[in-house]
Amino acid sequence: MTTKSLSGPAAIAALPRNRLLGEFSLWSADLGNMERDLKRIEPHVDLHHIDVADARFTPGFLFFPDLVARIAGLTARPIHVHLMVEPEIVEEQTRQFIEAGADLISVHAENGEAGLRAVRLAHALGAEAGVVLRVETQVAAVTPFLSQVAFVTLLGTSIGVKGQSLSEQACDRLIEARALMKKAGREADIILAADGGIRHDTVPRLRAAAADTVVLGSLAFGDPHLAQRMAWLHGLKVAA
């Protein structure tokens, strides 16, 4: 069992803001050797990203609370759970995954009022909250959430499917989201994340477009020289 020094909002507030974060998607871990992979990435990861899918909002099923509870006992790093679920269950899923050990719950703006209720529930249960947008949803849809969240995540590929190329609009959408955060007076308080289409050639473009974190999958788990990979990532700069 690993003990966290910080959890919930305090853990998210303590994330570095002077470099690109390394957010590792456990969807790309070896699920048969999860503990081994967690030990390997622990020195390099800033926060773990866990996708949850209900096979209705997304094409398939992904991850469940018992697994998150097991992961939470093996890492000192914050856990970010991304709920890709229908509005009817987003509040109950928020409760279940926070009880399992999630520090941050991100819900989809497409969940509407149910998503806003889930954000408030996350705070009431002592966790932090974020909002996510599908690639086809207008960026302005995050606006009702901006006063209440610490993360804004923009998907750069179709939801719930691995191996796709980054949308040509992904960088422009990040820039638009950053402008909305600034207009709301929350730019310094919100971490802007890019998820999907993360490759060696796309990460510098996403960072230049002001992404604060990228959700790393095979780019991290498939790299035998992970320390060098993360040093490269940390050195990338926002465009002037």
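Is F221 buried or exposed? F221 is buried, with a relative accessible area of 13%. The model used in these exercises is predicted.

**Exercise 1.** Classify the aromatic pair formed by F24 and F221.

Solution.
- Step 1. The ring centres of F24 and F221 are 5.9 Å apart, and the cut-off for a pair is 6.5 Å.
- Step 2. The ring planes stand at 75°; an angle over 60 degrees counts as edge-to-face. The pair is therefore edge-to-face.
- Step 3. F24 belongs to strand β1 (residues 21-25) and F221 to helix α8 (residues 218-221), so the contact ties together parts that are 197 residues apart in sequence.
- Step 4. F24 has a relative accessible area of 0% and is buried. F221, at 13%, is buried.
- Step 5. The count of aromatic pairs comes to one.

**Exercise 2.** Find which charged residues sit over the rings of F57 and W232.

Solution.
- Step 1. Over the face of F57 lies R134, 4.9 Å from the ring centre.
- Step 2. For W232, the charged end of R229 is placed over the ring, at 4.9 Å from its centre.

**Exercise 3.** Describe the largest pocket and the second largest pocket by volume and lining.

Solution.
- Step 1. The largest pocket holds about 390 Å³ of space. Its lining has 23 residues, with W27, K162, D195, G196 and G197 nearest the centre.
- Step 2. By class, this lining has seven nonpolar, twelve polar and four charged residues.
- Step 3. The second largest pocket holds about 250 Å³. It is lined by 15 residues, and L15, V45, D46, R77 and P78 are the closest to its centre.
- Step 4. The lining of the second largest pocket has nine nonpolar, three polar and three charged residues.

Key: Residues numbered from 1 in each chain as written. Predicted model: local features only at pLDDT ≥ 70, side-chain atom pairs only at ≥ 80, totals over all residues. Heavy atoms only, no water. Phe/Tyr/Trp six-rings, centres within 6.5 Å; stacked < 30°, edge-to-face > 60°. Helix = DSSP H or I, 4+ residues; strand = E, 2+ residues; numbered from the N terminus. Buried < 20%, exposed > 50% of the residue type's maximum accessible area, 1.4 Å probe, protein only. Lys NZ or Arg CZ within 6 Å of the ring centre and 35° of its normal. 1 Å grid on protein atoms, 1.4 Å probe; cavity = no way out; pocket = protein on both sides within 12 Å on 5 of 7 lines; lining within 4 Å. Points joined across faces, edges and corners; volume = space filled by probe spheres on them. Nonpolar A, V, L, I, M, F, W, Y, C, P; charged D, E, K, R; others polar.
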